[in-house]
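Reader: I'm new to reading protein models and would like to practise on one. Could we go through it together?

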Amino acid sequence: MAKEKEETVLMFDKPYFVVKLSEYVLEVDVKGGFKEELEDFLEKKPAIARSLGFIFETLVPIDVWLKDIESVVVDKDGATKIVIPHHRDITIPLAPDESKRLVSKLEELIPIAKEKAIEEAEISRKLHINL
């Protein structure tokens, strides 16, 4: 699935990072310094990001496809916690009201993204059968 140019549904611009939610992807981009340069490099080299992703997940937030998210909650500190199977959980330090808005929107969009992924897989399967 190629990353398409999508309209931002929800965005939080914080001093050290920006959270952008679109219809199918959640992006957390750091601002400034080495992390931003490393993040730019990894976004241009997706094979390296996939190969070393588990190392960089703690340093550089990686874009998350909504279809891959298992669950989202507002944690006891008011931050947004995102659970992704076979990956380290992501905690986004937002204000409690921002986390509630983000979690609410994610709970709305995740089932849609998962359904679209199933439909695309089924179409792909059928195309391969018909070849």
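**Two sheets, one step at a time**

Author: Sure! Let's start with the open sheet built from three strands in the order β5-β6-β7, where the pairing is antiparallel. Keep in mind that this is a predicted model.

Reader: Which strands stand at the edges of that sheet, each with a single partner strand?

Author: Go along the order, β5-β6-β7. A strand at the edge has a single partner, so one side of it is left without a neighbour in the sheet. That's how it goes for residues 71-74 and residues 90-92, which are β5 and β7.

Reader: And what does the twist average from one strand to the next?

Author: For this sheet, going from one strand to the next, the twist averages 20°. Look also at β6 and β7, which pair in the antiparallel sense over three bridges. So that you have the number again: the average twist is 20°.

Reader: Thr80 caught my eye. Which residue in β7 stands opposite Thr80?

Author: Thr80 is found in strand β6, residues 80-83. β6 and β7 are antiparallel partners. Across from Thr80, in β7, you'll find Ile92.

Reader: Is Thr80 buried or exposed?

Author: Check what surrounds it: Thr80 touches several residues more than four places away in sequence, including Val73, Ile90, Leu94 and Leu102. To count as buried, a residue needs under 20% relative accessible area. Thr80 has a relative accessible area of 0%, so it is buried.

Reader: Which side chain joins that of Thr80 in a polar contact of 2.9 Å?

Author: Among the residues that Thr80 touches are Thr91, Val103 and Ser99. The polar contact of 2.9 Å runs from the side chain of Thr80 to that of Ser99.

Reader: Let's move to the other sheet. What is the order of its four strands?

Author: Build it up pair by pair. β1 and β2 pair in the antiparallel sense over five bridges, and β2 pairs with β3 in the antiparallel sense, also over five bridges. β3 and β4 then pair over two bridges. That gives an open sheet in the order β1-β2-β3-β4.

Reader: How many residues lie between β1 and β2 in their hairpin?

Author: Picture the pair with Met11 opposite Lys20 in β2. Next door, a hairpin joins β2 to β3 through two residues. For the hairpin of β1 and β2, the number in between is three.

Reader: How many of the six residues of strand β2 are buried?

Author: β2 covers residues 17-22, and it is largely enclosed by the rest of the structure. One of its residues, Val19, stands opposite Val28 in β3. Out of six, the number buried is five.

Technical notes. Residues numbered from 1 in each chain as written. Predicted model: local features only at pLDDT ≥ 70, side-chain atom pairs only at ≥ 80, totals over all residues. Heavy atoms only, no water. Buried < 20%, exposed > 50% of the residue type's maximum accessible area, 1.4 Å probe, protein only. Pairing = 2+ DSSP bridges. Polar contact = N/O pair within 3.5 Å; in protein donor to acceptor, adjacent residues only side chain to side chain. Contact = heavy atoms within 4.5 Å. Axes fitted to C-alpha atoms, helices over the stretch in contact; angles between N-to-C directions.
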